[in-house]
Amino acid sequence: MKKFEENIRRVTPYVPGEQPSGSDIIKLNTNESPFAPSTMVQMSIASMMPDALRKYPDPDASDLVREIASYYDVDESKVFVGVGSDDILGMSFLTFFNSDKPILFPDITYSFYDVWAELYDIKYEKIPLTEEFEINPEDYKKENGGIVFANPNAPTGIALPKAQVEEIISANPDSVVIVDEAYIDFGGETVLELIDKYENLLVVRTFSKSRALAGMRVGYAFGSETLIKALKDVKFSYNSYTLNVAAIRGAKAAIKDDEYFKGLVDEIKRTREETKMKLKKMGFNCTNSQTNFLFATHESMPAKEIFEKLRDRDIYVRYFEKDRIDNYLRITIGTKEQMNALIMALEDILG
Ligand code: PMP
């Protein structure tokens, strides 16, 4: 190792799903929407004046914050926006998890949580999900420096009922509790309204899935004024201009086109249930997913083998070579046509 290398921070990064290119590929591996965003989004970006690009964006993204606050009937002082929910989650770890006690999160969950904890040197303890891949609120009633979990959870897709999420929050008044609601538009119960009851609750959301804007990178969060102010202070100590002008305009337009948004979500939920039934007939067992993906295991063929054989046919799903879930596939819900192609390929693979 060269001398200068000794002072380089060493981290094991998060590995995002593959982004293969090619028009014939069926991409069901990163939980993107298979549909285009609202035409209002496209128009709002196309009509941008060059002057808007010349200048820095509004560092507070006030237009977008106002739109989100009004849509969800929340005070603007309780809304924060960022470059995807990853940006907000990473910043939240930095802002809220500064205790000597370990933060808690499930053993099977969004695999970025331990990466941020390692990056910021935050102690953490992974709490095993139950045999049925469920969160047991009792496990979160112990000393901790913070709590974070996805609801519905990923990659299991399983949602924890609101009363049990509240049980976790109310048992932990001395910690910040982050509920990552990246998939909440597809099912499960939000705890958004609890931000007025619990000052220590942060609810994080994204435009990447249900609003079909993963490429735009926009996330948002709701919390008490105390939490949102703390997040803003950290953000402005790091990078004032997080959201770019096109993202601010596009996300605002996406919120405005509510009918389109609801139509997309309904279509994905319908396709999810149809696909689940077909998979069941082929010997798959799927969790009760409340998201835009299915989490499936087959009764006889190993998940890894199915994953590889699908990839040979240009169909990409996600496979995690991890304890407890290494015989499962996470399959994003695509269009009806894409799911039909998946089913046909699986029939071929499984004989
Ligand atoms: N939380 C969960 C549970 C996710 O699955 C994802 C998607 N990878 C994210 C957050 C981040 O999404 P984004 O940064 O696109 O908002």
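This is a dialogue between a trainee and a mentor on reading helix H9, salt bridges, pockets and a cavity in a predicted model.

Trainee: Let us start with helix H9; what span should its 24 residues have, and what distance separates its end C-alpha atoms?

Mentor: At 1.5 Å a residue, the 24 residues of H9 should span 34 Å, and the end C-alpha atoms lie 35 Å apart, which agrees. The helix covers residues 258-281, and just after H9 comes Gly283, which takes a positive phi of about 95 degrees.

Trainee: Which residues of H9 are buried, and what covers them?

Mentor: The general idea is that an α-helix has 3.6 residues a turn, so residues three or four places apart point the same way. In H9, the buried residues are Phe261, Leu264, Val265, Glu267, Ile268, Thr271, Arg272, Thr275, Lys276 and Leu279. The cover over these residues includes helix H3 (62-72), strand S9 (284-286), strand S10 (293-298), strand S13 (329-332) and H11.

Trainee: How should I read a salt bridge, and how many does a search of the whole structure find?

Mentor: Side chains of opposite charge can pair when their charged atoms come close. A search of the whole structure finds 28 salt bridges, and a case within H9 is the pair Lys262 and Asp258, whose closest N and O atoms are 2.6 Å apart. Because Lys262 and Asp258 are four residues apart in helix H9, about one helical turn separates them. Lys262 itself counts as partly exposed, at 45% relative accessibility.

Trainee: Which salt bridge ties H9 to helix H11?

Mentor: That is the salt bridge in which the side chains of Lys336 and Glu267 meet, at 3.1 Å from N to O. Lys336 lies in helix H11 (residues 336-350) and Glu267 in helix H9, so the pair ties together parts that are 69 residues apart in sequence. The two partners can also be read by their exposure: Glu267 is among the buried residues of H9, whereas Lys336, at 29% relative accessibility, counts as partly exposed.

Trainee: What other salt bridges should I look at, and which residues are linked in a network?

Mentor: Lys27 forms a salt bridge with Glu32, with 2.9 Å between the closest N and O atoms, and Glu32 counts as partly exposed at 25% relative accessibility. Asp63, Arg66, Glu76 and Lys252 are linked in a network of salt bridges.

Trainee: A charged residue can also be read by its surroundings, so to speak; is Glu181 buried or exposed, and what does it touch?

Mentor: Glu181 is found in the loop between strand S6 (177-180) and strand S7 (201-206), and Glu181 is buried, with a relative accessible area of 1%. Leaving aside residues up to four places away in sequence, Glu181 touches Asn151, Glu189, Thr190, Val191, Val203, Val204 and Arg205.

Trainee: Turning to open spaces, what volume does the largest pocket have, and which elements supply its lining?

Mentor: The volume of the largest pocket is about 820 Å³. Of the 41 residues that line this pocket, Tyr14, Tyr110, Lys209, Arg318 and Arg330 are the closest to its centre. Helix H4 (84-96), strand S3 (103-106) and helix H5 (113-119) each supply at least two residues of the lining, and H4 gives the most, with three residues. By class, the lining has 17 nonpolar, eleven polar and 13 charged residues.

Trainee: How is the second largest pocket lined, and which element provides the largest share?

Mentor: The second largest pocket holds about 500 Å³ of space. Of its 23 lining residues, the closest to its centre are Val15, Ser111, Arg318, Phe320 and Lys322. H5, helix H10 (303-312) and strand S12 (318-319) each supply at least two residues, with the largest share, three residues, coming from H5. The lining divides into eleven nonpolar, four polar and eight charged residues.

Trainee: A cavity differs from a pocket in that a probe fits inside but cannot get out; how many cavities of 30 Å³ or more does the structure hold?

Mentor: The structure holds one such cavity, and the volume of the largest cavity is about 50 Å³. Its lining is made up of Pro37, Ser38, Val41, Ser210, Arg211, Ala254, Asp257, Tyr260, Phe261 and Leu264. By class, these are six nonpolar, two polar and two charged residues. Here we return to H9, from which the largest share of the lining, three residues, comes.

Notes
Residues are numbered from 1 along each chain as its sequence is written. This is a predicted model: local features need pLDDT of at least 70, side-chain atom pairs count only at pLDDT 80 or more; totals for chains, interfaces and linings use all residues. Side-chain values use heavy atoms; hydrogens and water are left out. On a 1 Å grid over the protein atoms alone, a cavity is a set of points where a 1.4 Å probe fits but cannot get out, and a pocket is an open set with protein on both sides within 12 Å along at least five of seven lines; lining residues have an atom within 4 Å of a point. Grid points are joined across faces, edges and corners, and a volume is the space filled by probe spheres set on the points. Ala, Val, Leu, Ile, Met, Phe, Trp, Tyr, Cys and Pro count as nonpolar, Asp, Glu, Lys and Arg as charged, and the others, Gly among them, as polar. A salt bridge is a side-chain nitrogen of Lys or Arg within 4 Å of a carboxyl oxygen of Asp or Glu. Buried means under 20% relative accessible area, exposed over 50%, partly exposed in between (1.4 Å probe, protein chains only). The expected span of a helix is 1.5 Å times one less than its number of residues. Contact means heavy atoms within 4.5 Å.
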